Amino acid sequence: MFGLDDEALAQVTLKSARRMLEKRLGLEEGAMDERKAELKEFVEEVFMEVQEKHAREELKKKKQEEKRESEEREKKEREEQRKRAMKEVMEEAKQSKEKEVME
């Protein structure tokens with residue numbers, strides 16, 4: 001809204017929004033006061049859109065983080081499986097070698 005970032009937008013009051021609009025339209029201060037209700041509805045819609053946008057972004061971030069954590073767990077599990085398999089192979093080789101020496 002009016003080129004404001006989300007933080008600045010959060011500080012906007014209905015009155016300041018009317019003043020910004022008046023300035024942008026080249027109107028005198030107070031010219032939009034008679035359309036307060038109409039502008040209030042518009043500003044509320046914009047605020048709702050911003051809130052919905054933030055909610056979607058947070059949900060997306062959460063899903064990405066969950067995916068990353070899941071991938072890390074899977075990678076760790078595969079590494080552990082690989083280590084166990086290598087240990088088993090090494091143990092079998094050791095036992096096989098000991099059998100050969102005993103015979």
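**Exercise 1. Classify Glu-65 and Arg-68 by accessibility, and describe how their side chains pair.**

Glu-65 has a relative accessible area of 33%, and because buried means under 20% relative accessible area, exposed over 50% and partly exposed in between (1.4 Å probe, protein chains only), Glu-65 counts as partly exposed. Arg-68, at 36% relative accessibility, is likewise classed as partly exposed. The model is a predicted one, in which local features need pLDDT of at least 70 and side-chain atom pairs count only at pLDDT 80 or more, while totals for chains, interfaces and linings use all residues. Residues are numbered from 1 along each chain as its sequence is written, and side-chain values use heavy atoms, with hydrogens and water left out.

For the pairing, the criterion of a salt bridge is a side-chain nitrogen of Lys or Arg within 4 Å of a carboxyl oxygen of Asp or Glu. The closest N and O atoms of Glu-65 and Arg-68 are 2.3 Å apart, and the two residues form a salt bridge. Both residues lie in helix H3, three residues apart, about one turn of the helix; helices here are DSSP runs (H or I, at least four residues), numbered from the N terminus.

**Exercise 2. Treat Lys-40 and Glu-44 in the same manner.**

Lys-40 and Glu-44 form a salt bridge, with 3.9 Å between the closest N and O atoms. They are separated by about one helical turn because they stand four residues apart in helix H3. Lys-40 is partly exposed, at 40% relative accessibility, and Glu-44 is also partly exposed, at 40%.

**Exercise 3. Where does Glu-22 sit, and which residues are linked with Glu-22 in a network of salt bridges?**

Glu-22 lies in helix H2 (residues 14-25) together with Arg-19, three residues away. With a relative accessible area of 1%, Glu-22 is buried. Its side chain meets that of Arg-19 in a salt bridge of 3.1 Å, N to O. The network links Glu-22 with Arg-18, Arg-19, Glu-29 and Asp-33. By the stated rule, the salt bridges number ten.

**Exercise 4. Identify the residues of the negative surface patch that contains Glu-45.**

Patches are made of residues with over 30% relative accessible area and no salt bridge, like charges being joined within 9 Å and nonpolar side chains (Val, Leu, Ile, Met, Phe, Trp, Tyr) within 5 Å. Glu-45 is partly exposed, with a relative accessible area of 42%, and is placed in helix H3 (residues 36-102). Glu-45 gathers with Glu-41, Glu-49 and Glu-52 in this patch of negative charge.

**Exercise 5. Assess the confidence of the chain and of its helices.**

The mean of pLDDT (the predictor's confidence in each residue, from 0 to 100) is 89 for the protein chain, and 91% of the residues reach 70 or more. Confidence is highest in H3, at a mean of 92, and lowest in helix H1 (residues 6-10), at 68. Where pLDDT is low, the predicted coordinates should not be read in detail.

Methods. Areas by Shrake-Rupley, 256 points an atom, 1.4 Å probe, with all protein chains shown as cover. Lys, Arg positive; Asp, Glu negative; His and termini not counted. Charge placed at Lys NZ, Arg CZ, Asp CG, Glu CD. Helix = DSSP H or I, 4+ residues; strand = E, 2+ residues; numbered from the N terminus.
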